[in-house]
Amino acid sequence: MSEPVTPESNSENKATITRVSGMYEDYFLDYASYVILERAVPALSDGLKPVQRRILHALKEMDDGRYHKVANVIGQTMKYHPHGDASIGDALVQLGQKDLLIDTQGNWGNILTGDSAAASRYIEARLTKFALEIGFSPKITEWQASYDGRGKEPVHLPVKFPLLLAQGVEGIAVGLSTRVLPHNFNELIDASIKILKGRNFDLYPDFPTGGIADFSQYNEGMKGARVRVRAKISMEDKKTLVISELPYGTTTTSLIDSVLKANDKGKIKIKKIEDNTSDTAEIVVHLPTGVSPDKTIDALYAFTDCEVSISPLACVIENDRPHFLSVKEMLRISTDKTVSILKAELELQLWELQEQWHFSSLERIFIENKIYRDIEEAETWEQVISFIREGLKPYVKKLIREVTDDDITRLTEIRIKRISKYDKSKAGQHILELEGKIEEVKNYLANLVDYAIDYFKRIKDKYGKGRERKTEIKLFEDIDASKVAIANTKLYVNREEGFIGTGLKKDEFVTDCSDIDDVIVFRKDGKMMVTRVDQKAYVGKNIIHVAVFKKGDKRTIYNLIYRDGSKGNTYMKRFNVTSITRDKEYDLTQGTKGSEVLYFTANPNGEAEVVTVYLRALQKLRKLKFDVDFSELAIKGRGVKGNLVSKHPVKKVEIKEEGVSTLAARKIWFDSTVKRLNAEGRGELLGNFKADDKLLEITGSGHYRLLGYDLSTYFEEDMILLEKFNPERPVSVIYYDGEKERHYVKRFIPEPTDKKELFISESDGSYLELAVTETHPRIQVSYRKVKGKQKEDEEVILSEFIAVKGMKAQGNQLTRDAIKKISRLEPLETDEVLEVEEAENNDSETSVANDNDNSQITLEF
């Protein structure tokens, strides 16, 4: 039976009660602090989380130059990491996939496809030579007891490299997270050298999956920063797009899923998608007939994971507290830390060399002066020590420190065999070598910064090959989703009842549209409104015009004739609508009650028609009809009153003559920073473009394309020439034929085609040397020195060298001599060409007399 509860025991129980709120506050704070410091956030000192540090320490303990089963590495690490094998295995695989510290063997997964690694019993790992060189120095490492007290582990590893910035890190703690993006190996070293030299530097992330990134809002990785990363998409042909590099944080699987979802929602339109990824990413997107590849690329960026936004947040542990630092501050601290570690290693090395010199000198004195004979008469150990110390006294001043009992003990341990075979000259030479090394280390310490710079250069030369930047840095142009969205639904209208929407399938069809479009509506009463596409929306009765609204469209011009009030004057005006407030009604008349639209047209290219106005038959009116030409009316804002048409009542207005565009040709610029066309004046003016005008694009691979001037057009990465196409201006080309190993010149007019056309030889080793569209281009040919003979440079006018021929023509051989360089000169004006021709005609006889293979380029026709 249980004992009865006494008043005394009740009072004791009450005294031990703890409030839950207090427990929660203390326990939560302890738990949060533990997770932040011991699990999720890396230390600034070595750039490692505790589990990563313990894995590297375990691998160093196991290191014998051979691979180790990952299962064994996990077991060894569990001696130091008390959180189970799963967390250790995952962390080890992540370290291995970064390809910096861990040398892997077996199937370690694929960061491109997202495939996981094989089981730990099947894969192997060891430390890389780089990790062994920059990460370990046991004699200067601070140690602490492991969690069970059975072993020792490093507090921090003495890492002599900005490891945190090179690898990047992500971690989620309690009430805190960190995300440091990876940076380029070689760029980090270059930046560290600049820090040591006191120079400014820029530092941007570099992602292992490549891609294209806009770092304009990177803000050194601080809170609030934003990085936009895009896949690298190329156009193989009009119906095929190839994704060859992925945005950071995505895989081919997740990216394909996002593309399929966008296709299912009607945001984009594709025929099929294939994943051909192996060592490199390759996703092939097949497009249906009639779909623009340029708009599809923009749509992929707008609606899929082909573009992602990353928000870095650089949080690290310093002095057992979390700190938010910029990547530049982190690199400066890391560089200073590297210098301090190098200094500590040099000081340790100096001490060890001095100790070696000290004992070598003692040994030399002890043997050469036969002090060992003095101990023959000693009867106790104390006497031995005393006799040797007395024997060394005359020579102590030559040593770098005092002689200790330990030194004397070491002298007594020298074997008789060594004394008998002691070589005085070798001993002296060894001491001189030690003195040279000591002076060298002292020099390094005296010039520590230069030593650190040389250290970083050595690391770069040794391990930097193959670690070039993978992510292209580029400024992105914002993509208007409404402009690139595929028309995935149909818009209908009920004009009388005043309804528009995608669900009114029994009513009048208007146009194809996307579900994110805006719709502009004009009514008979002179009201205008813009609203979002919906299933069914009421916009007012008596609709006279409805269309998809394009914000900022200055080329669509509306021609309007309206009556002011029920019996007022009639006015006309021309206007465009570039910006509005959605769902707000705008009055295009003067607001008088009873106003009515008598005539209305929407003109996508600013057409201005001629109309006939019929007046009502009234007394004293002799002329009951007259013509009005909209082209005589200036284009103004939508709120203007307009010009007077008639003070008399108008019966009707009819079109008499279709209009032509009154707008000037459209000015198009090319912004080389983002490689996109624009109409806002950014970059280089390409010219004024009318409806049928084309752009000529020539690439370094020897292809050309004739393109429209749609602002969404994408251009090839190796584009070398872009200009307004002139069908009367030939392209002058110099190319090298890889099969014939000769340079050729050709001139041709690009043939109208939508395809990418090759205009140089298809043979291996062929390349484009020069492509220009000038009327009379000039070049200078420099020759190589052959058998001690140097041929003089020659000037060639290409328009005289060869006539315009077909695009498929091979052209004329430039020369048989070995060419060193071809330089482009200023082109000749037409007058200069005439002068040259006249001079050549006058000197023709002299020219013929002096012709030979070495002096005349034109002999190879």
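This is a short tour of a predicted model, with one selection to make at each stop.

**Stop 1: the largest nonpolar core**

Start by selecting Leu101, Ile102, Phe130, Phe161, Phe207, Val227 and Met330 and showing their side chains. These residues touch the most other members of the largest nonpolar core, which has 79 residues. Now colour helix H11, residues 327-368: with nine residues, H11 gives the most to this core. In soluble globular proteins, nonpolar side chains tend to be buried together.

Keep Leu101 on screen and look around it. Which residues does Leu101 contact, leaving aside its neighbours within four places in sequence? They are Leu56, Leu95, Arg126, Leu127, Thr128, Phe130, Ala131, Leu163 and Gln167.

Another core, of 25 residues, lies apart from the largest one. To find this other core, select Leu241, Ile256, Ile270 and Ile297, which are among its members.

**Stop 2: two helices crossing**

Go back to H11 and add helix H13, residues 405-412. The axes of H11 and H13 are 11 Å apart, and the two helices pack at an angle of about 55°. Because of that angle, H11 counts as oblique to H13. Turn the view and you can follow H11 as it passes H13 in a right-handed crossing.

Which residues make the contact? On the H11 side, pick His358, Phe359, Leu362, Glu363 and Phe366. On the H13 side, pick Asp407, Arg410 and Leu411.

**Stop 3: Asn186 in helix H8**

Next, select helix H8, residues 185-196, and find Asn186 in it. Is Asn186 buried or exposed? Asn186 is buried, because its relative accessible area is 11%, and buried means under 20%. Leaving aside neighbours within four places in sequence, Asn186 is in contact with Lys460, Gly464, Arg467 and Glu468.

For a sense of scale, draw a distance from Asn186 to Ile516. Their C-alpha atoms are 45 Å apart in space, and the two residues are 330 apart in sequence.

**Stop 4: an open sheet of four strands**

Switch to a cartoon view and look for the open sheet with the order S20-S18-S19-S23, where the pairing is antiparallel. At its edges are strand S20 (508-513) and strand S23 (537-538), each pairing on one side only. Then zoom in on strand S18 (residues 489-494) and strand S19 (residues 499-501), an antiparallel pair with three bridges. Select Tyr492 and you can locate its bridge partner, Gly501, in S19. Strands of a sheet pair through backbone hydrogen bonds, either parallel or antiparallel.

**Stop 5: two loop residues**

From S23, move along the loop that leads to strand S24 (543-549), and stop at Asn542. The phi of Asn542 is near 60°, a positive value in a residue that is not glycine. With a relative accessible area of 47%, Asn542 is partly exposed.

Asp583 sits in the loop between strand S26 (570-575) and strand S27 (586-587). Its phi is near 70°, again a positive value in a residue other than glycine. Asp583 counts as partly exposed, at 45% relative accessibility.

**Stop 6: a covered strand**

Finish at strand S44, residues 778-783. How many of its six residues are buried? Five are, leaving S44 mostly covered. Strand S44 has two antiparallel pairings to look at: strand S45 (residues 794-797) is joined to S44 by four bridges, and strand S47 (residues 819-825) by six bridges. To see them, pick Ile779 with its bridge partner Val796 in S45, then Tyr783, which stands opposite Ile819 in S47.

Notes. Residues numbered from 1 in each chain as written. Predicted model: local features only at pLDDT ≥ 70, side-chain atom pairs only at ≥ 80, totals over all residues. Heavy atoms only, no water. Core = buried A, V, L, I, M, F, W, Y, C linked by side-chain atoms within 4.5 Å. Buried < 20%, exposed > 50% of the residue type's maximum accessible area, 1.4 Å probe, protein only. Contact = heavy atoms within 4.5 Å. Pairing = 2+ DSSP bridges. Axes fitted to C-alpha atoms, helices over the stretch in contact; angles between N-to-C directions. Parallel < 35°, antiparallel > 145°, perpendicular 65-115°, else oblique. Left-handed = near helix turned anticlockwise from the far one by under 90°.
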